[in-house]
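Biologist: Please show me the model. I want each label checked against its cut-off.

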2 protein chains.
Amino acid sequence: MTSDLDAPIDDQAARAAWLYYVGGLTQDQIAAEMGLSRQRAQRLVSRAVGAGLIHVRLNHHLARCVELEAALRERFGLVRCRVMPGLGPARDPVRSIAPAAAEEMERVLAESGSRVIALGTGRALRGMVDAVGPVEAPQHRLVSLLGNIALDGSASYFEVIMRLAEKVRAPHYPMPVPVLVDSVEENRTLQSLGAVRKVRGLAQAADVTFVGVGQMSEDAPLMTDGFLTADELHEIQRAGAAGEVAGWIYDRQGRYLDLALNARLTGVRVEIATPSRPVIGIAAGSQKIVALRAALTSGIINGLVTDEPTAAGILAG
Amino acid sequence: MTSDLDAPIDDQAARAAWLYYVGGLTQDQIAAEMGLSRQRAQRLVSRAVGAGLIHVRLNHHLARCVELEAALRERFGLVRCRVMPGLGPARDPVRSIAPAAAEEMERVLAESGSRVIALGTGRALRGMVDAVGPVEAPQHRLVSLLGNIALDGSASYFEVIMRLAEKVRAPHYPMPVPVLVDSVEENRTLQSLGAVRKVRGLAQAADVTFVGVGQMSEDAPLMTDGFLTADELHEIQRAGAAGEVAGWIYDRQGRYLDLALNARLTGVRVEIATPSRPVIGIAAGSQKIVALRAALTSGIINGLVTDEPTAAGILAG
DNA sequence: TCGCCGTATGGGCAAATACTCACGCGCGCC
DNA sequence: GGCGCGCGTGAGTATTTGCCCATACGGCGA
């Protein structure tokens, strides 16, 4: 990833992108200004965009999105709701929702009082963290809802909490355990560890929680990430699984299922959503509509950042 | 300006720009997606940029800017300081500092407690307001430091407070009087009005103040905006004028001058900057270096948003 | 009703930008 | 010390974009 050695290059890239997007210079002018070849200027701008150094936001509320937000708020009694324009099919909706999710996160980070912020995992949360600006917020504590170790022992690809903590310089409490362990006994052992108990306690007392929402269809993240086999998935599907938050699986009414799997999950089950302790779901995509509707129905989440087609899909049900 | 009738067009423009900048589609693809001709897509994107619907921010701290910020903070004991990359000569520095100033404003607006926010006038503040996102902040009160009526009786070109109030839906207290009146008596009459007294009192009690900083050189805004004649300007220059905040003129040490003009100024003189009641100066440009250094020296302002060359110039003195 | 004017639209073209390729340099490995 | 290997660079080229113009549309006044 971006190491410290890249800093001067990133600085150049950021400067070039600034001149390009804010200053409105052409790449030729940038090259002249910075004393580079035009190709290099082009590469720097491109690099800045690719590395997420540059961040575009829409200073305008689209009527359609506002309507959907109002409808979702109304129907599910949401505390927070953001609906971003869709990007058309074949584009990753994370690109669309990440900036809005980041704004929600920044809103919390901007609070001057100290908060405990709990975080799930997943691509959407990772996108959110990447889009968060480098604000200093050392007064808050960041805590992980679930383990960040994948089955193969590697730290999870979607490292959310460490990245965010690094950006905002806040104390952080990752859960240094696997998401899912092999046996009930192993889990019991882990849960008895003081460190794990402390992190779980903090997570359960979180003031705000940000989570992804997983679908339980054939492309379930729990399966593609290797936590479930296809057979296990099918069995759980037959038990009525509609979605999953932090690994905990629920049915179409958003009621958590009583599964054998539960005893092997190390993470905290999210069930604290109240107006003063919101749980914000960050998710978009047609595959996630069912899972989102269920989580919203029972109030597992009472805040939502999604995109237009997903919002419409949720409301259509 | 942008009227309500433009809303559907602005919606289209915003959507096109979203697809272009966030989605990364080409204008051809946008045209296909939205069912338009390519030219129309191009015009919409262009319109969105022109109308300030789209807002670019740099998610990366440039080493050079951070250094300058630290040096300014240190030397002048600043509460807040932001230095943005310069755009090269011949580009309006307001483009560079407006987004950062808007972030500072949003930071204040995000506070959940109720604040009184005082605002000056000028191009830089106008740029800031345009860059502020449509956040709801009805808990705060916005108050004007000085009149918004120009000499010819028209409401000032740089309408700052009304625009901001409209965006954030906060109660606002403009000062419905001229910046400068013709005679001392006229001023006395105005100042005795209950409405004016109330606004002035609120402004003096502001929790945060945002001001532009005017230079007193040959291109002084006070003169180009028609408040001073060339002769008056020259006389004031001879009296040692270095800069001006909200119309109140100070010398190179940042001490307010005792001028005949003062008796005709309707606005509030800013002299409340403390760590808990910051006064943030928003200004950039080589002509403003002297004025800024003076205001920083005496602490008329204790916060600053500027650009790189200006910051370097201030420190060089 | 006609004609005028301002505005919006799409085609075409020149400029600007993104991509591809071949080369060169430095680094590490043998 | 020689030999690749990979990264970065510049030249050339395809694509995309911005702009100008001719034209169509619609509103308005005569």
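The talk below turns to the DNA contacts and then to one helix.

Modeller: This is a predicted model, where local features need pLDDT of at least 70, side-chain atom pairs count only at pLDDT 80 or more, and totals for chains, interfaces and linings use all residues. Residues are numbered from 1 along each chain as its sequence is written, chains are lettered from A and ligands numbered from 1 in the order in which they are written, and side-chain values use heavy atoms, with hydrogens and water left out.

Biologist: What makes a residue count as near DNA strand D?

Modeller: One of its heavy atoms must lie within 4 Å of the strand. Residues around DNA strand D include Ser37(A), Gln39(A), Tyr20(B) and Arg38(B).

Biologist: How do you know that Arg43(A) makes a polar contact with a base of DNA strand D?

Modeller: A polar contact is a pair of N or O atoms within 3.5 Å. A polar side-chain atom of Arg43(A) is 2.7 Å from a base oxygen of DNA strand D, so the pair qualifies. For Arg38(B), the distance from a side-chain N or O atom to a base oxygen is 2.9 Å. Gln39(A) has a side-chain N or O atom 3.2 Å from a base nitrogen.

Biologist: Which residues of helix H9 (residues 194–204) of chain B are buried?

Modeller: Buried means under 20% relative accessible area, exposed over 50% (1.4 Å probe, protein chains only). Val196(B), Val199(B), Arg200(B), Leu202(B) and Ala203(B) are buried.

Biologist: Why are they said to line one face of H9(B)?

Modeller: Seen down the axis of H9(B), they fall within an arc of 160°, so they line one face. The arc is taken over directions from the helix axis to the C-beta atoms. On the other side, Gly194(B), Arg197(B) and Lys198(B) are exposed.

Terms used
Polar contact = N/O pair within 3.5 Å; in protein donor to acceptor, adjacent residues only side chain to side chain. Helix = DSSP H or I, 4+ residues; strand = E, 2+ residues; numbered from the N terminus.
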